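Visitor: Hello, could you show me this fold and take a few questions about it?

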Amino acid sequence: MAVSLSHVSYSATFTSSASKTTVSGPSLSPHSIKVPTFLPLTVKPLNSSFTPHGARAITIAPHATSTPSSIPSDTSTTTFHGLCYVVGDNIDTDQIIPAEYLTLVPSNPDEYEKLGSYALIGLPSSYATRFIEPNETKTKYSIVIGGANFGCGSSREHAPVALGAAGAKAVVAESYARIFFRNSVATGEVYPLESEVRICEECRTGDVVTIELGESRLINHTTGKEYKLKPIGDAGPVIEAGGIFAYARKTGMIPSLSK
């Protein structure tokens, strides 16, 4: 704060001599200096309902998703029952469907059925029992049981399509080549289920088995043994719908063909 000085005049007389210099002037009286007074600062408390200017309340709601009634929320009632066909490790896509049959177009009903008639035709002659008997287009084995790395090789989606066209409903293997697994889900042709043990060493071609998806288990009625399977998870509804595009249409992700 600045201090106000009122009515103060100042004159100085300088006396010079060889020995000293004297400066004289009027003395300042304390009464002649006006010091401002300060009032106590009053702070008004903020109201609890105070809202800054321009502020707005924003409510963010998550995007609502729904599952059509035509797609089950779980697969607890889905079961497969029938004969199993057992193969070993590293069954590649050339054995599942040789390249010479890849010119067949699965979207053509006649060619789809013909494609299925060649499923697993590439297996070596050591497999005395064939997956599809001569002069037949469908297999009597609805479940394929394999070892490790099932579906390795090329990325041809004809491999799971050929199995599905032949009448297979599921493959149970110790592990899969990831491309075959993805193609199985994308096409919706077969369920690629993983076992926790090497079932292929404990089952034989022709055994009667049941797969319960909801319980994630396989029952071999011929031997009386049960095996735990790994859950199919979110891939289940996609396969149940008939593949990735059918699932996308039914859930409204893309327009349906009728629109």
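Visitor: What is the order of the strands in the open sheet?

Guide: Happy to help; this is a predicted model, where local features need pLDDT of at least 70, side-chain atom pairs count only at pLDDT 80 or more, and totals for chains, interfaces and linings use all residues. Residues are numbered from 1 along each chain as its sequence is written, and side-chain values use heavy atoms, leaving out hydrogens and water. Strands (E, at least two residues) and helices (H or I, at least four) are DSSP runs numbered from the N terminus, and two strands pair if DSSP finds at least two bridges between them. With mixed pairing, the seven strands follow the order β8-β7-β6-β5-β9-β10-β11.

Visitor: Which are the edge strands?

Guide: An edge strand here pairs on one side only. That applies to β8 (191-194) and β11 (225-228).

Visitor: Which residue of β8 stands opposite valine 172?

Guide: Strand β7 (residues 170-173) runs parallel to β8, and four bridges join them. Opposite valine 172 stands leucine 193.

Visitor: Which element gives the largest share of the largest nonpolar core?

Guide: A nonpolar core is a set of buried Ala, Val, Leu, Ile, Met, Phe, Trp, Tyr and Cys residues joined through side-chain atoms within 4.5 Å, where buried means under 20% relative accessible area (1.4 Å probe, protein chains only). The largest one has 28 residues, and Phe131, Phe150 and Leu163 have the most contacts inside it. Two or more residues each come from β6 (141-145), α3 (158-166) and β7. The largest share, five residues, is from α3.

How values were computed:
Buried < 20%, exposed > 50% of the residue type's maximum accessible area, 1.4 Å probe, protein only.
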